[in-house]
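The following paragraphs lead through a protein model step by step. Please keep the sequence and the structure in view while reading.

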Amino acid sequence: RKKACSSPRKGSDMKILTGPVIVLTWLCCRLHPTRSSEVPYSSPEYWDQHHRMSSEVFNWVWSDEDFAQFIPAILSATEPVTAGGVKGRMQDVVELGHGTSEVTALLANRRDVLPQKPAVVSAVDYSQVAHKRMLQRFPPGANPGLNFVHADIAKFLHAREKGKTDLMFESSTLDALRLGIPKANDVFEQVLQPIFSCMNPEHGTYVSASTYSKQNGPLKFFLHQPWDHLHLCKKKKSTDIVYVMMRGQRKPPVSSPYFLAGKKYKSWDFTHKLKRPSDLYQ
């Protein structure tokens, strides 16, 4: 990794490459920090190997604290039109691909998101190493309502009850799944359509954080799904993009772009760019 990311020495005969090669090198450094050619990227073994090499708390996009601050802020700014607002509605929350991030645990303690009584907050990952590590950090008996699930994400989604999930989020998990699922149609069928079906039709919200640029990221997938609302969000001094897809009628933002958390996060309403009717998968 060090060699791939470093610049050529001054005076060397190495030619400086531009364009796609630089982009590819950056992506390899960002998304494949412990890549082994002998282990398929889409396999649990690869991610077990990755997590064994580091025991630190890690989030691919922003920090855990930033992510846990952003989610309540965007939920409040895009409240459903129906009475009651967001608070008390987030009874069923899911994180896809928790890795070693602690965002789920942070959100489980946010009463501006969850009701006073324990809600079901589930975090799923198919790395056995990551799963065991999170159970050690957050023992089930000491954290009621916080549920770490060891499972394949596609199988987990297909087993979910339709229309039940209030909030689902992931930090670059979709980026990783897209690399492991080469065909775009398979990404729709195995991941994105089940996610949409899981979401509560009145106020379900899916938050997807990506390390890719808008041109190369998952936006093209979201634009062709039947969400009722779509927003793009960025943090100051970060190139990462967070996409927020929503079902149900929402209060429109005061302006586009609009700002959250003291202008820390800048957001754009992309709902007008959605291309398909909302009853496509119903």
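Helices (H or I, at least four residues) and strands (E, at least two) are DSSP runs, numbered from the N terminus. Two strands pair if DSSP finds at least two bridges between them. The model is predicted, so local features need pLDDT of at least 70 and side-chain atom pairs count only at pLDDT 80 or more, while totals for chains, interfaces and linings use all residues. Residues are numbered from 1 along each chain as its sequence is written, and side-chain values use heavy atoms, with hydrogens and water left out.

Strand β6 (residues 229-235) is a suitable place to begin. Of its 7 residues, 5 are buried, where buried means under 20% relative accessible area, exposed over 50% and partly exposed in between (1.4 Å probe, protein chains only). Strand β7 (residues 241-246) runs antiparallel to β6 and is joined to β6 by 5 bridges; within this pairing, His-231 has Val-244 as its bridge partner. The hairpin of β6 and β7 has 5 residues between the strands, and Lys-237 takes a positive phi near 60° there. Strand β9 (residues 265-269) is also antiparallel to β6, with 5 bridges joining them, and Asp-269 in β9 stands opposite His-231.

The interior comes next. A nonpolar core is a set of buried Ala, Val, Leu, Ile, Met, Phe, Trp, Tyr and Cys residues joined through side-chain atoms within 4.5 Å. The largest such core has 38 residues, and Phe-67, Phe-70, Phe-169 and Val-242 have the most contacts inside it. Helix α4 (residues 64-77) gives the most to this core, with 7 residues. A second, separate core of 31 residues includes Val-94, Val-191, Phe-196 and Cys-198.
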